[in-house]
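I opened this notebook to record what I looked up in one structure. The entries run from the whole chain to single residues.

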Amino acid sequence: MTPTPGYRRPTIATLAAAALLLAACSGQDEDPDPASDPAPEAGQTGSDAGDEPGQTSEEAAAASGGSFTIHNCEPRSLNTGAQGEVCGGRVMDQLFSGLTTVDYDTGEVVGMVATDWETEDAQTWTFTLRDDFTFHNGDPVTAQTFVDTWNWIVNPENAQEAVSFFDKIEGYTEVTEGGATELSGVSAPDDTTLEITLTEPFSPLPSLLSYTAFYPLPEVAFEDINAFQEEPIGNGRYMMDGAWEHDVQISMVRYEDWPGEEPGVAERIQWRIYSDLNTAYLDAQAGELDILSGIPPERLPSVDSDFAGQVVESASSSFTYLGMPMHVEGYDHPDVRHALSMAIDRPAIIETVFNGSLTQATGVIPPVLPEYRGDACQYCEFDPEAAAELYEAAGGPSELTIWYNSGAGHEEWTEAVANMWQQHLPIDSVTFESLEFAQYLDLLLAREVAGPFRLGWVLSYPSPQYAMEPIYTTDAPSNNMEYSNPEFDELITAANAAADADEAASLYQEAEDVLLEDMPVIPMWYGLTHTVHSQNVGNVIVDPRTYVRVEAVQVNG
C-alpha cells in the first residue's frame, strides 16, 4: 500500500460549525418508492430471486449465480496468522472455513470443519472433524492441518502478529521462548480427531476457534507466506480468482467442491478497494458498485432518497472509542483520562453530527450482548465543571494531538471532541494526524501514536470475553494503550473458567467495572450499520460484526 502522509489542520471554533458540515438521518427508513419491493425486514432487503419455496441452499446457489461488486478497504494481510482487522477479515471469512463458526441468526456457536466437541473441565477438549473439506488446490483438510498451522503461527521465527491468540494452549510459552518447536497442547491422533489441552479452563474456546487466526493453512503457505497471501489458497466457500490487486480489488469465485451446509449463492464476488468512503458512495449512486456497507456520516441525511428501497439498517456490535496512550507522559494519570471523557457531550455530537443514528456508549460491552449495562460508566456522563477540576489537578497536557484513520468519516466528530476539550478544559490547542487505515495500524503497533487515537471494535464472536480480553489484558494483541491491571486480568481469567453462565456474566461485569475506573479508553458510542445496494442484488444481510454476509447475496436478473 502507498501510505498517505499524516497531516495537521486547525480545529474549528465551535460544535455548531461542525454541525453545518454534517447532519444525519433519524435512523428510520422513509416511505419506500411505490414501484419498489415491499419494505424488507430489519437486516435484509431486496429480491428473493433464486430462493423459491422448498429450495435447498445448493439449489438456490445453482439458480442464482451471477456476480456483484462490494466495497472494501485495503487489507493489511490475507494471511490468517497476521490477520486482525475487518478489511482482511471480510475477505478471509469467505476464503477460509474454521473449526467452528457463529450462526448469527441464533447467536450460537456451531460446527464448520468440526462436527462436535466435548470437554469435562473446559481445559482438555476433543474436536471431531469432517473428512470432506479440501483446500482450493485439492489438498485435504485434516486434524493435522490445524496442528501444523497453529505450530507455524506460534513459531517465533515466523513473526506472526496473531500469535498471542494461542497463549491459552499448553506449550505456548515454551515455543514462543524458543524452548520447543511444537505446542504440546495440540495433537491429532487421527485425521478427524483434534485434541487441545489448555493451560487453564476456558469455556469460550469453541467461540474463540471461529476467529480468523485459527483458520487452517495448506502446506504450500509455509514455503513463502508473503507470496502465498497475494493469492491465498483457502478451504472456504469462495476461492481467489486471480491475485490480490493492491489498492484496486480482490476477486473470488464460488468453490464448487465446498462441502458446507450453506454454499455461496453468487458465482463471483469482486471486492473493490477504496481509500475514501465518499468515492465509494458516489460509485454506488452511479451503479458502479453494488454494495457499500458503512456509509459516510454526512451522507445519512440523503441516503433514503439516494437509494430508495435499497437501504439496510442493522444492529451492530460496533464500539467506537478514543484510546489513551498510557505510555506517553500526560496520559498516564487516570484523572486526566476521566476528565477528557467527562468533557465530551456525547449526546450533542450524536444528535448534531450523526442526527441521532448512534447510541451513547455506557461501557465497553455493547448492547447486543446480554451482559450489557446502561449505567456501567460513571465517567461517560457530561460534567464539564468536574472535568476541568480533575484535569487541572492532574496536570493534563495543554497541547495534544488526536489521531484517526482517514477516509472513513471521522473528521467532523473528532473536531467536535477537540472543540469541547478546548472549551471546557485548560487545553490551548488540538491538532490532528490522519493516515490510511493499514499505515495507521502499523503506527499503533509500533507505539508511535502519542495522543488520543480513534479506534473501533466489533465482535468476531458474541462474547464479553472478546469485547475485553483481546484489547485490555496485559500484552493482549490489540492492547494499543499498553494498559495493564492484574485485578482486571484475574477477573477475566476467572470469568473465562466459569462453567456457569450467570457466574461468568457477573465476573465479566466486574472486570468491566475495573476497566472503566482505570479508563484506558474513552467509550464514545455503539453503532448501527447502514448499508446501501444496487438493484442488481438482493437478500443483503449484515451481521453484528458489520460484515455483509456475501455468501447469501443473490444476484437479480
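The entries below cover confidence, overall make-up, a hairpin, a pocket and one residue.

**Entry 1: confidence.** I noted at the outset that this is a predicted model. I looked up the pLDDT and found an average of 88 for the protein, with 89% of the residues scoring at least 70. I then checked residues 1–57, where the pLDDT is below 50. Beyond near neighbours in sequence, that stretch nevertheless has 125 contacts in the model. I recorded a caution here: where pLDDT is low, the predicted coordinates should not be read in detail.

**Entry 2: overall make-up.** I counted 17 helices and 19 strands in the protein. Of its 557 residues, 57% are buried. I also looked up how far apart in sequence the contacting residues lie. Taking contacts between residues at least 6 apart in sequence, I found that 71% join residues at least 24 apart.

**Entry 3: a hairpin.** I asked in which sense strand 2 and strand 3 pair, parallel or antiparallel. Strand 2 (residues 100–103) pairs with strand 3 (residues 108–111) in the antiparallel sense, over four bridges. For Thr 100, I found the bridge partner in strand 3 to be Gly 111. The two strands form a hairpin, and four residues lie between them. In the turn, I noted that Gly 107 has a positive phi of about 80°.

**Entry 4: the second largest pocket.** I looked up the volume of the second largest pocket, which is about 350 Å³. Its lining comprises 21 residues. Those nearest the pocket centre are Asp 167, Lys 168, Glu 469, Thr 473 and Thr 474. Two elements give two or more residues to this lining, namely helix 15 (464–472) and helix 16 (486–497). Which element gives the most to the lining? I found that helix 16 does, with four residues. By residue class, the lining of the second largest pocket holds eight nonpolar, seven polar and six charged residues.

**Entry 5: Thr 529.** I located Thr 529 in strand 17, which spans residues 521–533. Is Thr 529 buried or exposed? Its relative accessibility is 6%, and the cut-off for buried is under 20%, so I entered Thr 529 as buried. I then listed what Thr 529 touches, leaving out residues up to four places away in sequence. The list holds Ser 293, Gly 294, Val 312, Glu 313, Ser 314 and Ser 316, together with Val 542 and Thr 546.

Key. Residues are numbered from 1 along each chain as its sequence is written. This is a predicted model: local features need pLDDT of at least 70, side-chain atom pairs count only at pLDDT 80 or more; totals for chains, interfaces and linings use all residues. Side-chain values use heavy atoms; hydrogens and water are left out. Buried means under 20% relative accessible area, exposed over 50%, partly exposed in between (1.4 Å probe, protein chains only). Contact means heavy atoms within 4.5 Å. pLDDT is the predictor's confidence in each residue, from 0 to 100. Two strands pair if DSSP finds at least two bridges between them. On a 1 Å grid over the protein atoms alone, a cavity is a set of points where a 1.4 Å probe fits but cannot get out, and a pocket is an open set with protein on both sides within 12 Å along at least five of seven lines; lining residues have an atom within 4 Å of a point. Grid points are joined across faces, edges and corners, and a volume is the space filled by probe spheres set on the points. Ala, Val, Leu, Ile, Met, Phe, Trp, Tyr, Cys and Pro count as nonpolar, Asp, Glu, Lys and Arg as charged, and the others, Gly among them, as polar.
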